[in-house]
Amino acid sequence: MSRRLASIAVLGLALPLLGAPACLKIPAGDPESAAPGEAQDPAAAGARVAWPGKSPAQLYGVGEERVFELIQSGKKIGTSWGRYDGPLAGGLHRYSTRVELTMPQRDPNVGGAPEPLSSVGEIVIDDRGELVRGFERSRAIELRFERSGDQLVFTSGREREELQAKPGTAYMSFATIFHEELMFGLRTLKEGELAWRLVSLSGSLPTDWTARLTITDPDPPILALITTNLGEQIHLHGGRIERVEVSADDLQVIVPARPIAWPTWTIEAPPTLTYSLPAGATFTRRELELPGQPGEPRLVGELLVPAGKGPFPAVLFLSSTGQQDRHGFVGPPPVDLGSHEIGDALAQAGIAVLRYDERGFGGSADGPVSYIGQLEDARRGLRTLLVQDDVDPDRIAVVGHGEGGWRALQLAGEGRKLRAVALLASPGRPYEVLLRAQAALAIEAVPPELRAEARKTQDKTLAALRSGKDLPPELRSTGTWIREALEVDVDALIAKSEGALWIAQGEKDFEVDADKDSAALARIARKHKKPHSVQLYPELDHLFKREPGVSSPARYLNAGRPVDRKFLADLASFLLAQLKP
């Protein structure tokens with residue numbers, strides 16, 4: 001559930017804080033464009049030329065650097081570098097970029113200066129200025145792009161997307177002022193209206209970029225003012241950016257008075273997550289396919305078989321939103337959610353475990369992203385587990401993390417005589433309540449003057465999710481899943497469930513509320529007279545990893561944080577007690 005929402009919140013909140021120059025904020029749209037060097041407004045055919053447009057080889061000298069500082073409310077918040085690396089074989093040209101931004105600290109309880117948001121990039125263009133290939137990379141993610149005919153093909157991990165990029169399409173990355181200067185430098189700029197298609201190299205949607213150019217001093221090098229549809233005023237001097245102003249956000253982009261050296265830091269490509277048996281493991285792994293109905297995606301997974309002689313008590317593990325492989329690896333960006341540690345610990349304790357790759361992850365085939373579809377996948381997993389020779393079908397439990405706990409409860413209410421259900425950081429309140437709580441936290445983090453509009457957007461988005469119509473682009477792929485999750489009745493699930501319930505919750509969890517959700521689950525269990533116990537862990541987060549500070553999506557990216565061993569021991573003890581012969 002909330003990993004998806006948290007990612008949207010993080011991306012959405014960064015932009016209002018930084019303002020909205022074209023190189024900083026790219027709105028939605030999908031217009032056509034004219035080619036570089038052509039007049040953009042037919043009515044301006046006789047207009048004065050502010051900049052004649054130059055070829056890539058003429059714009060900069062080899063090794064020439066351009067540096068810009070971002071100033072908000074009188075305080076420097078970042079630096080953006082660009083450099084012409086020189087010509088390549090075949091009439092191509094390579095440019096490198098660096099960006100370093102310091103975001104305001106939003107949580108007063110977090111000490112120390114916030115870690116800068118840094119990125120590196122590279123683009124290769126041809127002699128006409130058309131984008132050929134390149135990449136944008138942060139510490140969390142790498143996005144690569146390459147032209148194929150009139151399409152730009154973007155790839156990031158398993159994700160692939162094609163965008164139309166006919167000749168003349170402009171391109172720029174988030175906060176990369178150098179790309180904006182290239183956009184102007186490669187084109188003939190005449191006084192009057194400008195318009196072209198603009199593709200984001202940072203993953204945002206293409207946009208309809210429009211502006212009006214006014215010559216403020218006709219003497220060479222000509223001074224020009226460009227006022228854009230994004231509320232920015234760009235001052236060009238001889239075809240180069242002198243400064244950018246966004247009055248609504250009290251933001252300026254300037255050329256520093258003193259040189260700022262090219263950064264010495266770099267960013268390596270994000271790591272590839274891999275799994276190996278833990279040291280001292282006594283269990284073995286067996287590959288499985290989860291049989292399904294015609295038309296259902298192929299699902300694969302593995303059975304962890306304990307040492308000794310079976311048949312063994314067994315557990316089906318169900319992940320949170322169903323957007324990960326069998327080991328709990330997700331991405332991009334690559335994140336280890338730690339699910340493999342849970343399964344490994346249970347297998348080491350003598351419990352067989354079935355875990356599988358969700359749709360579109362690991363070895364499983366792609367399929368529609370829907371809550372109902374993932375529920376049927378969970379049924380396939382349980383049916384597969386029950387027929388394994390190593391497994392005692394009379395001693396079965398289900399462990400569900402996050403909304404996987406809801407699917408576990410559903411299975412426990414379908415007459416399969418499950419012995420137990422472990423609910424790990426599972427929501428106890430309706431999904432809409434959780435959505436609104438997440439949105440409220442995000443709204444509090446934006447400037448006060450933007451909150452009323454943010455609330456309107458929230459209400460509009462929720463209405464679209466309920467109806468399935470007019471969804472914002474970033475929710476189109478997950479809208480069905482969310483709409484179906486909005487219909488889940490946790491009270492009805494627990495009322496029908498069989499077996500004992502174990503409700504575990506980390507108190508550092510920011511995705512569900514440690515007090516409200518665990519209390520809601522316990523209250524419903526009492527109401528329906530279901531055996532249950534609640535275990536809270538003061539220092540653990542949503543992933544049941546130790547969190548000394550404040551949990552956040554960014555903290556999930558930190559490698560080397562193991563799942564808490566006491567939590568794992570408690571979970572194993574509960575299950576073994578319930579799965580006794």
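User: Let's start with Trp-481: does this residue count as buried or exposed?

Analyst: Buried means under 20% relative accessible area, exposed means over 50%, and partly exposed is in between (1.4 Å probe, protein chains only). Trp-481 comes out at 0% relative accessibility, so it counts as buried. Before we go on: this is a predicted model, where local features need pLDDT of at least 70 and side-chain atom pairs count only at pLDDT 80 or more, while totals for chains, interfaces and linings use all residues. Residues are numbered from 1 along each chain as its sequence is written, and side-chain values use heavy atoms, with hydrogens and water left out.

User: How much of the protein chain counts as buried?

Analyst: 52% of its 581 residues do.

User: How many helices and strands should I look for?

Analyst: Helices (H or I, at least four residues) and strands (E, at least two) are DSSP runs, numbered from the N terminus. Here you'll find 13 helices and 27 strands.

User: How do I read a sheet, and what is the strand order in the open one with eight strands?

Analyst: Strands of a sheet pair through backbone hydrogen bonds, either parallel or antiparallel. To count as a pair, two strands need at least two DSSP bridges between them. The order in this open sheet is β18-β19-β23-β20-β24-β25-β26-β27, and the pairing is mixed. At the edges stand β18 (284-290) and β27 (532-537); each has a single partner strand, so one side of each is left without a neighbour in the sheet. On average, neighbouring strands are turned by 20 degrees against each other, direction ignored. Such angles run from 0 to 180 degrees between N-to-C directions, with axes fitted to C-alpha atoms, for helices over the stretch in contact.

User: Which helix lies across β20, β23, β24, β25 and β26?

Analyst: That's α6 (residues 404-412), which runs at about 145 degrees to β24. Helix α13 (residues 565-578) packs on the sheet too, touching β20, β24, β25, β26 and β27, and makes about 175 degrees with β26. Contact here means heavy atoms within 4.5 Å.

User: What is a nonpolar core, and which residues have the most contacts inside the largest one?

Analyst: Take buried Ala, Val, Leu, Ile, Met, Phe, Trp, Tyr and Cys residues, and join them through side-chain atoms within 4.5 Å. The largest core has 50 residues, and Ile-123, Phe-184, Trp-209 and Ile-226 have the most contacts inside it. Helix α3 (residues 177-185) gives the largest share, five residues. Apart from this core lies another of 48 residues, among them Leu-288 and Leu-435.

User: How many aromatic pairs are there?

Analyst: Rings of Phe, Tyr and Trp (its six-membered ring) pair if their centres lie within 6.5 Å; planes under 30 degrees apart are stacked, over 60 edge-to-face, and the rest tilted. The count is 16. Phe-145 and Phe-154 have ring centres 5.8 Å apart and planes at 50 degrees, so that pair is tilted. Both Phe-145 and Phe-154 are buried. Tyr-431 and Trp-481 are edge-to-face, with 5.7 Å between centres and 70 degrees between planes. Tyr-431 belongs to α7 (residues 431-444) and Trp-481 to α9 (residues 479-485), so the pair ties together parts 50 residues apart in sequence. Tyr-431 is buried as well, at 1% relative accessibility.

User: Where does a charge sit over a ring?

Analyst: The rule wants NZ of Lys or CZ of Arg within 6 Å of the ring centre and within 35 degrees of the ring normal. The charged end of Arg-83 sits over the ring of Trp-262, 4.1 Å from its centre. Arg-187 does this with Trp-196, at 4.8 Å from the ring centre.
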